[in-house]
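Visitor: I would like a close look at one small part of this structure. Please start there, and then show me how its surroundings fit in.

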Amino acid sequence: MPSNPSTDPAIEPAAPVVAPHAPVHRAIIATDAEGRVTFWSSFAETIYGWTAAEAMARPIAEISPAEHSSQAVGIAATLMKGVPTSGQSIVQ
């Protein structure tokens, strides 16, 4: 009979990959279904130059770098259809 990892003391739980309060060196941005910013991380501030207060409630296409605006518009269009989306864009 296989061991149950939750009750078998011989099986140690895996260590978390990231500490709960470790800094994340990625811009984390969330928008609502209309593409307005609802969350803007401190690293997003560093990369994009907008403070969270400046970015909040603005359309993501308005504050995205020009070379990424079509991607932002595409994501917003997907969200407006009610389809969840996630992904990444590399900004250098």
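Guide: Start at Ser41, which sits in the loop between strand E2 and helix H1 (42–48). Helices here are DSSP runs of H or I with at least four residues, strands are runs of E with at least two, and both are numbered from the N terminus. This is a predicted model: local features need pLDDT of at least 70 and side-chain atom pairs pLDDT 80 or more, while totals for chains, interfaces and linings use all residues. Residues are numbered from 1 along each chain as its sequence is written, and side-chain values use heavy atoms, with hydrogens and water left out.

Is Ser41 buried or exposed? Ser41 counts as buried because its relative accessibility is 9%. Buried means under 20% relative accessible area, exposed means over 50%, and partly exposed lies in between, with a 1.4 Å probe and protein chains only. The side chain of Ser41 has a polar partner: it reaches the backbone nitrogen of Ile28 at 3.0 Å. A polar contact is a pair of N or O atoms within 3.5 Å; within protein, one must be able to donate a hydrogen and the other to accept it, and residues adjacent in sequence count only if both atoms are side-chain atoms. Now set aside neighbours within four places in sequence. Ser41 is then in contact with Arg26, Ala27 and Ile28. Contact means heavy atoms within 4.5 Å.

Step back into the strand. Phe39 belongs to E2, residues 37–40. At 41% relative accessibility, Phe39 is partly exposed. Beyond four places in sequence, Phe39 touches Ile28, Ile29, Ala30 and Met56. Ile28 is thus a contact of Phe39 and also of Ser41. Measure along the chain from Phe39 to Ala53 and you count 14 residues; their C-alpha atoms are separated by 9.8 Å.

Next, the rings. The whole structure holds 1 aromatic pair. Trp40 and Tyr48 form it; the pair is tilted, with 5.5 Å from centre to centre and 50° between the planes. Rings of Phe, Tyr and Trp (its six-membered ring) pair if their centres lie within 6.5 Å; planes under 30 degrees apart are stacked, over 60 edge-to-face, and the rest tilted. Trp40 is buried, at 5% relative accessibility. Tyr48 is partly exposed, with a relative accessible area of 23%.

Follow the chain onward to Ala57. Ala57 lies in the loop between helix H2 (52–55) and H3. Most residues other than glycine have a negative phi. Ala57 is not a glycine, yet its phi is positive, about 70°. Ala57 counts as exposed, at 51% relative accessibility.

Then comes Ser64, in the loop between helix H3 (60–63) and helix H4 (69–80). Like Ser41, it is a serine in a loop. Ser64 is buried, at 17% relative accessibility. Its side chain reaches the backbone oxygen of Ile60 at 2.7 Å. Past four places in sequence, Ser64 is in contact with Ser69 and Ala72.

Ala72 takes us into helix H4. At 7% relative accessibility, Ala72 is buried. Outside four places in sequence, Ala72 touches Ile60, Ala61 and Ser64. Gly35 is 37 residues from Ala72 in sequence, but the two are 8.2 Å apart in space, C-alpha to C-alpha.

Now the helix itself. H4 has 12 residues and reaches 16 Å from its first C-alpha to its last, close to the 16 Å expected at 1.5 Å a residue. That expected span is 1.5 Å times one less than the number of residues. Which residues of H4 are buried? They are Ala72, Ala76 and Leu79. Seen down the axis of H4, these residues fall within an arc of 60°, so they line one face of the helix. The arc is that of the directions from the helix axis to the C-beta atoms. An α-helix has 3.6 residues a turn, so residues three or four places apart point the same way. The cover over the buried residues of H4 includes strand E1 (29–31) and H3. After H4 comes Gly82, with a positive phi near 85°.

Last, the whole chain. It has 4 helices and 2 strands, and from the N terminus the order is β-β-α-α-α-α. Buried residues make up 17% of its 92 residues.
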